[in-house]
Every structure is written in C-alpha cells, then in structure tokens.
Amino acid sequence: MIGKRLILLFIAVILVLTGCTVQQQTFAPLEAGEMRVHFLDVGQGDSILLQLPDGKAMLIDGGNREDGKEVVRYIKSTGIEKLDYLVATHPHEDHIGGLIEVIRRIPAGKIYMPKVTHTTKTFTELVEEVINKGQKFHRARAGIIICDGSSLRIEILAPAEDKYEKLNNYSAVVKVEYKGVGMLFMGDAEHESERQMDTSRLSAQVLKVGHHGSSTATSRDFLHRVNPVYAVISAGKGNDYGHPHEETLKLLRDEGVQVLRTDEMGTIVMTTDGNSITVEK
Ligand SMILES: [Zn+2]
C-alpha cells in the first residue's frame with residue numbers, strides 16, 4: 001500500500017517537474033506542405049518561430065536576454081537544427097536580447113537587421129556574436145525580398161526611410177505569404193512607419209500587432225488596410241507599460257478581429273496549409 005502511494009507520489013513529482021521545465025507540444029506533427037508559426041511566450045518581448053512549408057526555418061526576434069536559453073530549447077524541441085533566416089527587428093533588448101544565445105547555439109543562414117545602432121551592451125554583444133560566427137548583417141529595409149518561391153514569398157515592408165526619431169519605427173516589418181494565407185509581423189513599428197507601408201502588400205489574415213498592443217501602433221486606418229482575421233499580441237502579464245493598451249483592444253474588438261494574447265494563452269501556435277488556419281493553442 002505504502003509502496004503504491006510512494007510510486008504515485010513519485011509520478012506526480014515527475015509530472016510537476018517536467019510540466020514546469022518542458023513545454024510539451026500537444027499538436028500534430030507538421031505535414032508536408034504545412035507552415036507552422038509559433039508566437040513564443042517570452043513575457044514582455046517578441047519571439048516568433050516559423051517552420052516554413054519548404055522545410056526551412058525562420059526566427060523573428062528572440063525575446064529578452066534571460067529568454068535566450070528557453071528560446072533555444074524551444075527551437076530545438078521542434079527538430080529545427082538551423083535557422084535559415086533570422087530577423088532582428090530593431091535593437092531594443094526585448095527583441096534582440098535572446099538572439100545572442102540563439103546565434104551562439106544554432107547555426108543561422110541570413111541574418112537581417114535594420115541599419116541603426118544602439119548604445120546598449122546587449123546590442124554590442126549581439127554584433128560581436130554575429131562577427132564571431134563569421135556572419136554579417138543583411139540590411140532589412142522596405143523592398144527586400146527574403147524568399148520568392150512559387151507558393152511562398154517573404155518580404156520586408158518597412159522601414160521605408162533611413163532616419164526616424166523613434167527606434168521602434170526602424171522595426172523590420174516582415175510579410176509572409178503562403179498560397180492564400182498572409183501574415184504580417186510588425187516588430188514594434190508605430191504609426192509613422194505604418195503610414196509609409198505599401199497598401200497593396202498589407203492585406204493579411206494574421207497580424208502580429210505592433211509594439212505589444214501599444215496605442216502608439218495599430219491605427220484604425222492601418223487596421224483597415226491589413227484587414228486581419230486574427231491579431232496576435234505578444235506581451236508580458238502585468239507589464240509596466242500597460243500593454244496591450246485598452247484603446248488597441250477596443251479597436252480590434254470594434255473591427256471584429258479575433259485577439260490572441262501570449263500574456264493570457266502562453267505560447268500561441270498556428271498551422272496553415274496555405275488555405276485555412278488552425279490555432280493549435
Ligand atoms: Zn518591444
């Protein structure tokens with residue numbers, strides 16, 4: 001009797017321990033021709049992993065410095081051994097911090113970043129890490145095509161100019177189009193950059209909302225031009241900035257957009273065959 005109890009207790013402890021440290025993937029394995037996008041829960045920050053339908057992988061941002069190890073572990077848990085494309089949207093810590101560990105641990109193909117520098121230690125270390133690996137930065141700017149296949153196209157829609165007052169507006173904005181499905185990843189781009197983006201390229205079913213749902217991003221006009229079905233907001237629970245802002249949430253509600261938030265749902269995973277989109281969790 002006692003033996004049985006001990007075994008049950010032992011199993012319970014194991015479950016609790018693994019539950020805390022290993023985020024089990026409960027969704028189906030990726031089928032040929034499917035694309036999967038993981039909006040990682042990195043608290044107040046951004047990190048998005050894309051398993052592309054051609055078997056390649058892409059990472060947009062890596063969360064804060066302390067998220068690096070977890071981002072690396074998550075990427076490896078999907079079976080990815082190389083990141084073919086890596087985008088550092090802009091030099092703020094909550095986007096590039098975790099990339100230092102990622103670049104250290106996982107081979108990267110092309111690394112994209114907007115042409116802007118920052119004075120922080122994190123930025124300097126990222127640049128050093130890239131140089132140490134014998135890599136270089138490719139400039140992220142509106143008009144750059146990352147991939148142009150028959151059914152998959154990845155392009156950069158912003159920044160459109162060389163100088164901005166706010167660092168957020170230097171954000172590399174990435175548009176991924178797979179057959180009939182479009183996804184738009186905004187980084188922290190705000191109103192000024194939104195106004196400059198080519199309307200003919202904006203339409204997307206999934207919008208990774210700019211700047212963690214701040215009211216300084218996602219104008220009503222911009223939202224109309226994108227006309228998404230899903231809006232994904234990456235933000236930390238109880239963050240100091242009050243993200244996502246109520247104005248943004250109200251706007252998205254008013255426009256009938258389905259809002260998915262990492263601060264409420266944890267990591268959000270979507271799978272698409274190029275026609276329909278399934279939200280795995
Ligand atoms: Zn940010």
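**Exercise 1. Around Val232**

Find the residues that Val232 contacts in this predicted model, leaving aside its neighbours within four places in sequence.

*Solution.* Start at Val232 and skip the neighbours within four places along the chain; the contacts are then Phe39, Val206, Lys208, Val209, Leu260 and Ile268. Next, place Val232 in its wider setting: the largest nonpolar core has 68 residues, and Val232 is among the members that touch the most others, together with Leu50, Val87, Val173, Val174 and Leu184. As a general background, nonpolar side chains in soluble globular proteins tend to be buried together. Finally, follow one contact outward: Phe39 has Ile48 of strand S2 as its bridge partner, which leads to the next exercise.

**Exercise 2. Strand S2 and its two partners**

Work out which way the residues of S2 (48-51) point, and how S2 pairs with S1 and S3.

*Solution.* Take the side chains to begin with. Ile48 and Leu50 point one way, Leu49 and Gln51 point the other way, and all are buried. This fits the general pattern that side chains in a regular strand alternate between the two faces of the sheet.

Now the pairing. S1 (residues 35-39) runs antiparallel to S2, with 4 bridges between them. S3 (residues 57-60) is also joined to S2 by 4 bridges, again antiparallel. On the S3 side, Ile60 stands opposite Ile48. Last, look at the connection: S2 and S3 make a hairpin with 5 residues between them, and Gly55 in the turn has a positive phi of about 90°.

**Exercise 3. The sheet of 8 strands**

Write down the strand order of the open 8-stranded sheet and identify its edges.

*Solution.* Reading across, the order is S6-S5-S4-S3-S2-S1-S14-S15, with mixed pairing. The edges are S6 (137-139) and S15 (277-279); each has a single partner strand, so one side of each lacks a neighbour in the sheet. Neighbouring strands here are turned against each other by 20° on average, direction ignored. For a parallel pair, go to S5 (residues 108-113) and S6, which share 3 bridges; there Ile111 stands opposite Phe137 of S6.

**Exercise 4. The faces of helix H2**

Sort the residues of H2 (68-77) by burial, and say what the buried ones pack against.

*Solution.* The buried residues are Gly68, Val71, Tyr74 and Ile75. Viewed down the axis of H2, they fall within an arc of 125°, so they line one face of the helix. The face turned away from that buried side carries the exposed Lys76 and Ser77. The buried residues pack against S2 and helix H4 (99-105), which ties H2 to the strand of Exercise 2. After H2 comes Gly79, with a positive phi near 90°.

**Exercise 5. The sheet of 7 strands**

Do the same for the open sheet of 7 strands, then examine Asp148.

*Solution.* The order is S7-S8-S9-S10-S11-S12-S13, with mixed pairing. S7 and S13 (258-261) are the edge strands, each pairing on one side only. From one strand to the next the twist averages 15°. Inside the sheet, S9 (residues 173-178) and S10 (residues 181-185) are antiparallel over 5 bridges, and Lys175 has Leu184 as its bridge partner in S10.

Asp148 lies in S7 (residues 145-148). Count its surroundings: 9 other C-beta atoms lie within 10 Å, so Asp148 is exposed, the cut-off for exposed being 12 or fewer. Its C-alpha atom is 9.7 Å from that of Glu177, 29 residues apart along the chain.

**Exercise 6. Unusual backbone geometry**

Locate the cis peptide bonds at Pro159 and Pro244, and the positive phi values at His211 and His212.

*Solution.* For the cis bonds, begin with Ala158 and Pro159, where omega is about 5°; Pro159 sits in the loop between S8 (152-158) and S9. The bond from His243 to Pro244 is cis too, with omega near -5°, and Pro244 is in the loop between S12 (230-233) and H8 (246-254).

For the phi values, His211 has about 50° and His212 is near 55°. His211 is in the loop between S11 (206-208) and H7 (220-226), and His212 lies in the loop between S11 and H7 as well. Are they buried or exposed? His211 has 29 C-beta neighbours inside 10 Å and counts as buried; His212, with 25, also counts as buried.

**Exercise 7. Confidence**

Decide where to read the model with caution.

*Solution.* The chain averages a pLDDT of 93, and 91% of the residues score at least 70. Over residues 15-22, however, the pLDDT is below 50, and this stretch has 0 contacts beyond near neighbours in sequence. Where pLDDT is low, the predicted coordinates should not be read in detail.

Technical notes. Residues numbered from 1 in each chain as written. Predicted model: local features only at pLDDT ≥ 70, side-chain atom pairs only at ≥ 80, totals over all residues. Buried ≥ 20, exposed ≤ 12 C-beta atoms within 10 Å, placed from the backbone. Helix = DSSP H or I, 4+ residues; strand = E, 2+ residues; numbered from the N terminus. Pairing = 2+ DSSP bridges. Core = buried A, V, L, I, M, F, W, Y, C linked by C-beta atoms within 7 Å. Contact = placed C-beta atoms within 7 Å. Axes fitted to C-alpha atoms, helices over the stretch in contact; angles between N-to-C directions. Arc of directions from axis to C-beta. pLDDT = per-residue confidence, 0-100.
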